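Colleague: Before we begin, may I ask you to explain the terms as we meet them?
Modeller: Certainly; let us look at the model together.

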Number of protein chains: 2
Amino acid sequence: MRIITIGREYGSGGRQLGKLLAEKLNIPCYDKEVIREIAKLQGVSEERIRKITTTDIRGMYSATVGRSFSAQFMYDKKAMDVFSSQETVLKSLAEKGDCVIVGRSADIILREYKPLNIFVFADKKTKLERCKQRSNAGLTDKQLLKKMKKIDRDRKVNRRVIADGDWGKKENYHLLVNTSNVEIPSIVDGLAEFAKGWFSKHGQE
Amino acid sequence: MRIITIGREYGSGGRQLGKLLAEKLNIPCYDKEVIREIAKLQGVSEERIRKITTTDIRGMYSATVGRSFSAQFMYDKKAMDVFSSQETVLKSLAEKGDCVIVGRSADIILREYKPLNIFVFADKKTKLERCKQRSNAGLTDKQLLKKMKKIDRDRKVNRRVIADGDWGKKENYHLLVNTSNVEIPSIVDGLAEFAKGWFSKHGQE
């Protein structure tokens, strides 16, 4: 089984990278599919799931004090259900076979599948440019930078709910790719080759 | 011009990786050659050069106070000459053509050549195992760990003498490779392919 997980800073091009890498390796790439599946399982809207899994969950509790995220987390039944469904969905996708999974803390949740964990990051300037090309119409640079910062902070906090390892810290990944000024397609072949070599010796049989 | 620089934690296998990567790309790999050339230019032993360039240079001055490394550095004529020769040697090697350079802060010194900067790291256990296979006979695990820690700390400090950017911080590299439990040869082809793709779009013409 070859599972590749992609953690990424907002605007780093990680989603595009995951998609192209999966195409190159001829395996599926799961991204928004995960949220869709969780929504089905939970019988609520994708938007609601997105909110629960991507918002700083500390903000969900009025009595937020201290740093015991998981304790607070325990109080919200719906959030617990959603995170549990996320695990179920990710594992069932992994069981289907080789794939690339973008985000969702899949590196932690699928640990037992010995995934190749890649983290994609970039400098502020590059991320800002990439975000402008997306559906961020009407936002000023300042607003966009604020949005980028918030999303990444939420990712960091949310990761702590399910794992000790810090989001974006190099020790928690196998390969970290800086996409500052980089055209994503130019590095896909190399990463695909890297993955092949790595799995030939390391991944789960 | 394709210059690949390899920064690495002691015991991470970075040197082996650099050598194999250069072989795969059919370009030279410079490692100890740099020290040899500096020694020639300065007319002193390689050992002396190694000491000056790899020891925490703060330790060279009895009056070490504060954090102004470069100011203290200015007081030692020999160290200045050696670091200046290091720059001369690295640039003359780069001018010769495509190559891999291990260590020596080449990523900073050769910035104008737009090198692909790779950082190689690993967990303590893996590094300890690799170090044991080297010429570290007679050292206990504890002594080896202390040695590893000291060497990496010196690298970190020395980098600050010539550059602002922190050693080992992901933002300062293009690609970071975690070699924990990894057989170095298994990832060389992928990195070579990555380098080719990267230079096709990014490196200096």
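Modeller: Two strands pair if DSSP finds at least two bridges between them. This is a predicted model, in which local features need pLDDT of at least 70, side-chain atom pairs count only at pLDDT 80 or more, and totals for chains, interfaces and linings use all residues. Residues are numbered from 1 along each chain as its sequence is written, chains are lettered from A in the order in which they are written, and side-chain values use heavy atoms, without hydrogens and water.

Colleague: How do you know that strand β1 (residues 3–8) of chain B pairs with strand β4 (residues 116–121) of chain B?
Modeller: Five bridges join these two parallel strands, and the definition asks for at least two. One bridge partner of this kind is B:Asn117 in β4(B), which matches B:Thr5. Strands here are DSSP runs (E, at least two residues), and helices are runs of H or I with at least four.

Colleague: What makes β2(B) and β3(B) a pair?
Modeller: Two bridges join them, and they run parallel; the requirement is at least two. Within β3(B), B:Ile101 is the bridge partner of B:Tyr30. Four bridges join β1(B) to β3(B), also in parallel, and B:Ile4 stands opposite B:Val100 there.

Colleague: Which strands are called edge strands of the open sheet of 10 strands?
Modeller: They are β2 (29–30) of chain A and β2 (29–30) of chain B, as each pairs on one side only. The sheet has mixed pairing.

Colleague: Why is B:Asp107 called buried?
Modeller: Its relative accessible area is 9%, and buried means under 20%, whereas exposed means over 50% and partly exposed lies in between (1.4 Å probe, protein chains only). Therefore B:Asp107 counts as buried. This residue lies in helix α6 (residues 106–109) of chain B. Beyond neighbours within four places in sequence, its contacts (heavy atoms within 4.5 Å) include B:Thr5, B:Asn117 and B:Arg159.

Colleague: Why are helix α7 (residues 124–132) of chain A and helix α8 (residues 141–162) of chain A described as roughly perpendicular?
Modeller: Their axes come within 10 Å and cross at roughly 105 degrees. Roughly perpendicular covers 65 to 115 degrees, while under 35 is roughly parallel, over 145 roughly antiparallel and the rest oblique. Therefore α7(A) is roughly perpendicular to α8(A). The axes are lines fitted to C-alpha atoms over the stretch in contact, with angles from 0 to 180 degrees between N-to-C directions.
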